[in-house]
Amino acid sequence: MTLATFLQHLVNALSLGSLYALIAIGYTMVYGILRLINFAHGDVFMLGAYLAFYLVGVFLLPWWATFVVAILLTAAFGVALERVAYRPLRDSPRISVMISAIGASFLIENVAVVLFGGRPKGVAVPPILDVKLNLGSVSIMSVSLVIPALTFAILGVLLWVVHRTRTGMAMRAVSTDLDAARLQAIDVNRIIAFTFGAGSLLAGVGGIMWAYKYPQLNPLMGVMPGLKCFIAAVIGGIGNIQGAVLGGFLLGLIELLTIAFLPTLTGYRDAFAFVLLILVLLVKPSGLLGSTAAEKV
Amino acid sequence: MTPARTRLTWSLAAAAAFVALLVVADGLFDAFTLRVFNLCAIYVVLALSLNLVNGFTGLFSLGHAGFMAVGAYTCALLTMTPEQKEMNFFLEPMAPWLAGLSLPFVPALLAAGLVAALLGFLVGAPVLRLKDDYLAIATLGFAEIIRVVLTNTQSITNGALGLKGLPAFAGTWVVWSCAALAAAFMVLLTRSSYGRALKAVRDDEIAAAAMGIDVFRTKVVSFTVSSFMAGVGGALLGHVLTTIDPKMFTFMLTFNILLVVVLGGIGSITGSVVSALAVTILMEVLRFLDGPLDFLVFQTEGRPGLRMVVFSILLMAVVLFRQRGLMGNRELSWGMLAKVGLLPRAAAGEEGPRC
Amino acid sequence: MKRLAVALSAVLLVSLGCSQSKPTTVKLGVFEPMTGANAAGGAMEVEGIKLANELYPTVKVGGAEMKIELVLADNKSDKVEAANAAQRLVDKDKVNAVLGSWGSSLSMSAGPIVKDKKIPAVALSATNPLVTKGNDYYFRVCFIDPFQGTVMANYAVKEVKAKKAVIIREVSNDYSVGLAKFFVDAFKKLTGDDAAILAELNYNTNDQDFTAQLTAVKAHNPDVIFAPGNYTESALIIKQARELGITAPFLGGDTWETPEFMDVGKQAVEGAVFSTFFATEVPITPTSTVFLDAYRKKYSKEPAAVTALGFDGYLVVRAAIEKAGSLDGTKIRDALAATQAFPGAAGLITFDQNRDATKSAVIKVVRGGKFTYLTTVQP
């Protein structure tokens with residue numbers, strides 16, 4: 001393999017990884033607070049993309065206004081989802097909540113099929129993001145430069161919120177021990193709603209950026225990315241925001257570089273993520289940046 | 001008569017009625033109704049196998065489709081005649097050791113179950129130490145890995161082209177015997193001390209360990225047995241359709257079975273049986289939802305996909321409002337039927353423990 | 001137990017469904033995916049069938065003129081559902097013939113059912129040879145993949161003057177895998193070079209990122225890239241290839257001919273070449289003109305190739321029923337098998353001994369955002 005080819009592979013991998021990282025942050029935030037795998041996260045991501053599409057098409061807003069409106073609507077949807085599907089089950093066994101999550105995920109997908117139709121739709125990418133750049137022999141689209149910048153910007157903002165604001169402190173309290181947080185007069189419901197809203201907002205951002213990079217919408221577009229981003233979050237240490245970013249990049253690198261060196265395995269690509277997940281769960285279940293907590297009886 | 005003998009008589013009467021129903025079905029039902037009827041039996045087997053691991057042992061496993069796939073392919077490859085194999089593997093020649101391999105149906109079915117069980121053991125051993133959520137995703141991951149492998153190994157499974165021309169061994173008697181065996185097995189298991197160990201593990205792992213139960217071993221055995229049943233179920237499904245391909249065995253399939261189990265009540269055998277029947281029939285009955293609808297006041301155009309929306313709402317409703325599902329974790333017993341008034345009081349036998 | 005009672009009564013209701021009455025209409029089952037992954041293809045075929053039904057709503061059976069009724073059954077792009085839908089058509093709706101399905105694996109699901117009940121079925125665009133192999137009651141009005149692969153290989157060698165090629169195939173799609181294999185065999189034979197295929201790269205259904213595979217393709221620097229697969233992924237593949245700076249031409253199969261292919265691919269898919277069944281610019285038979293006029297009048301746009309095939313399927317079955325002079329499944333089947341040079345909208349239909357139609361293929365290119373006719377290839 002020539003250096004040019006390898007560099008291109010590397011650029012592709014980092015580009016994909018940054019997208020995974022962006023979506024994994026939302027997953028990890030929700031899991032950190034509720035200890036819940038939000039199976040519906042991938043579908044919220046899909047909704048964000050579709051909302052942006054329809055806002056442009058129907059209301060003819062310029063794309064940056066669409067972006068803002070769409071992610072706010074997605075955040076609102078996320079809050080509603082939590083209220084309807086997860087809050088009633090807060091004191092129920094974990095298995096019920098997980099089934100509710102899966103049910104919610106399927107419901108959103110099937111409603112999307114009925115509302116939007118199963119046929120894929122092409123996305124009009126804003127011209128500024130559709131520029132092909134050549135750095136030496138490596139080609140990269142401008143959108144692939146914007147995404148990592150966005151990811152790190154969001155990472156910075158979130159870390160600031162979590163560690164330097166009262167809301168962030170409340171979030172950390174709730175994620176450590178929900179009942180103790182209640183005793184401290186923290187409005188647990190509000191904090192959880194806020195976290196869900198923020199996580200869904202990020203899912204919306206991720207969805208729209210995904211649609212700009214891979215300009216094709218279909219109701220099931222969130223399924224595989226959702227699973228892979230969850231795996232990325234687990235690899236990095238679930239509940240840990242920096243870990244999610246790290247996990248995302250790592251997953252992108254491993255997925256694409258393995259194919260780069262072993263092109264005969266291209267058909268097995270989806271399996272890599274799952275194999276990686278199982279390895280991490282067996283060797284270090286708390287992930288790369290996570291910490292184990294002892295279970296008290 | 002003693003209460004026990006009364007219950008036994010009722011049970012025998014029910015069994016006789018069941019056999020009579022099968023004879024009637026085989027003779028009188030038209031092919032479409034018979035197909036739905038047989039599909040019910042297969043879903044009974046699958047629901048029971050998922051309930052064993054999710055309901056009775058409390059492990060949230062989402063990998064069922066993978067074991068079904070392995071069972072289906074094993075049974076298919078073992079029962080297809082060499083000519084059918086020739087015809088199917090026209091794109092890439094078959095692996096030579098497969099060409100001659102052939103077994104009659106019942107041994108092939110058992111082999112399918114055993115291969116799936118072996119896989120379940122290999123998968124379970126590392127994965128069952130994980131907690132709920134991680135276990136769910138890990139088993140889901142394994143199911144996906146299995147599907148990807150089946151798609152890519154062209155010379156063994158014929159890859160994406162799938163296998164066609166499976167011998168139609170899965171007739172009414174075969175599938176319903178399997179369903180009956182599965183139900184009987186589950187009843188015996190749950191009534192045994194092993195079953196109690198399973199429930200102890202489900203209710204509180206640490207307490208169970210403190211009582212001397214080898215938690216990990218219990219989980220692995222339960223998972224392996226469940227995989228066996230899933231493999232058999234998958235093989236039966238394949239032989240009813242007479243054609244299989246990897247795209248059949250996605251997470252959607254696991255979701256359908258999960259739906260059945262949740263609706264029937266996680267941890268209830270009768271719940272699973274009734275729910276399997278109801279859901280399979282409902283799937284067909286609600287087909288009209290996908291076409292144009294006439295509400296007398298207004299008409300809607302054909303909106304495909306509405307049927308699945310209804311099922312998703314049903315699942316959500318059950319999970320949110322009646323978590324116990326249809327039966328919770330209780331079983332239908334003659335005593336219960338008598339209490340409700342469907343059977344004469346004398347049949348109940350007021351004393352005697354309900355298990 | 002109320003719920004037990006409900007369940008049992010549901011079983012009884014379903015079994016009571018059949019009503020016996022003397023047939024006054026001819027029933028044609030339309031067995032297509034209306035939902036699920038293949039919904040787009042199914043919808044297009046149904047358009048053609050419905051149009052044909054509007055133009056020719058009756059058929060002469062024996063001495064009587066009978067109305068043809070279409071019975072739609074959605075197979076949800078799922079095999080288990082497909083078997084149920086086919087069984088329902090054959091048993092409950094008691095159709096006299098079946099049209100469909102889009103998607104060879106779905107047609108194979110219905111195969112044993114129609115064979116068992118002796119109801120003839122006509123597949124419209126399913127190109128996997130296994131659909132008709134070994135099943136006397138399944139026909140198809142389109143060519144099969146071995147032919148299509150050869151057509152594209154010929155084009156690659158003769159027109160593009162390619163010596164080396166790379167294959168990108170959808171490994172979880174039987175159509176893609178089959179077509180790729182036939183192309184490879186033909187290409188190797190035509191170039192006389194066993195190493196003419198530089199690489200075969202795979203992807204899965206619903207994948208969206210192909211940069212890894214395409215970077216490897218770029219490194220090989222082939223003369224032509226054959227990427228048969230569903231338009232959903234293919235459009236993205238070509239777009240990403242152009243973004244990576246790959247300039248080699250892309251060749252594909254009939255699944256590319258959809259409006260979404262250009263909607264998603266936009267500028268990038270200019271110059272993509274593919275084989276298909278039918279071209280609106282080149283009416284092949286008088287029926288083509290009839291079909292085109294009717295379609296344009298009704299929908300004010302150009303029809304897809306599979307729509308023309310749907311139209312043909314309906315007509316060929318109708319002709320067979322008329323020839324057989326009866327509604328008996330076996331007689332209709334025999335009449336179908338004897339079809340010779342039937343003028344369909346997409347060409348002359350003759351069924352060979354495998355019940356496949358030997359048709360000519362049409363090659364189209366994307367030019368100026370439209371599917372433009374290039375040439376016709378005779379079998």
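## Helix α9 of chain A and the contacts of chain B

Because 12 of its 14 residues are buried, α9(A) is largely enclosed by the rest of the structure. The model described here is predicted, and chain A, to which this helix belongs, has an average pLDDT of 87, with 98% of its residues scoring at least 70. Within chain A, confidence is highest in helix α8 (residues 188-213), at a mean of 92, and lowest in strand β2 (residues 132-135), at 84.

The helix α9(A) runs over residues 223-236, and its end C-alpha atoms lie 20 Å apart, which agrees with the 20 Å that its 14 residues should span at 1.5 Å a residue. Its buried residues include A:P225, A:F230, A:I231, A:V234 and A:G236. The buried residues of α9(A) pack against α1 (3-34), α2 (41-59), α8, α10 (241-261) and α11 (269-283) of chain A, and also against α7 of chain B. Just after α9(A) comes A:G237, which takes a positive phi of about 110°.

Two residues of this helix recur around A:L277: leaving aside neighbours within four places in sequence, A:L277 is in contact with A:I231 and A:V234, as well as with B:I137, B:A138 and B:G141 of chain B. A:L277 is also, together with B:V44, B:V45 and C:A165, one of the residues with the most contacts inside the largest nonpolar core, which has 349 residues. The element that gives the most to this core is α2(B), with 17 residues, while from chain C the core draws at least three residues from each of domain 1 (24-143 + 284-359) and domain 2 (146-276). In soluble globular proteins, nonpolar side chains tend to be buried together.

Chain B has 16 helices and 4 strands, and buried residues make up 53% of its 355 residues. Among its contacts between residues at least 6 apart in sequence, 80% join residues at least 24 apart. The two sides of chain B that touch the other chains are set out below.

| Side of chain B | Residues of chain B in contact | Residues of the partner in contact | Element with the largest share |
|---|---|---|---|
| touching chain A | 31 residues | 33 residues of chain A | α7(B), 12 residues |
| touching chain C | 37 residues | 36 residues of chain C | α14(B), 6 residues |

On the side of chain B that touches chain A, the elements that give two or more residues are α6 (105-127), α7, α13 (251-264) and α15 (306-321) of chain B, and by class the residues of that side divide into 21 nonpolar, 6 polar and 4 charged. On the side that touches chain C, the elements that give two or more residues are α2 (31-56), α7 (132-152) and α14 (269-285) of chain B, and the classes there are 21 nonpolar, 9 polar and 7 charged residues.

Which element gives the largest share of the side of chain B that touches chain A? That share, 12 residues, comes from α7(B), a helix of 21 residues that reaches 30 Å from its first C-alpha to its last, close to the 30 Å expected at 1.5 Å a residue. The helix α7(B) is mostly covered, with 19 of its 21 residues buried, and α7 of chain B is also among the elements against which the buried residues of α9(A) pack.

Technical notes. Residues are numbered from 1 along each chain as its sequence is written. Chains are lettered from A and ligands numbered from 1 in the order in which they are written. Two residues are in contact if their C-beta atoms, placed from the backbone, lie within 7 Å. Ala, Val, Leu, Ile, Met, Phe, Trp, Tyr, Cys and Pro count as nonpolar, Asp, Glu, Lys and Arg as charged, and the others, Gly among them, as polar. A residue is buried if 20 or more other C-beta atoms lie within 10 Å of its own, exposed if 12 or fewer, and partly exposed in between; C-beta atoms are placed from the backbone. A nonpolar core is a set of buried Ala, Val, Leu, Ile, Met, Phe, Trp, Tyr and Cys residues joined through C-beta atoms within 7 Å. Domain bounds come from an automatic or database domain assignment. The expected span of a helix is 1.5 Å times one less than its number of residues. pLDDT is the predictor's confidence in each residue, from 0 to 100.
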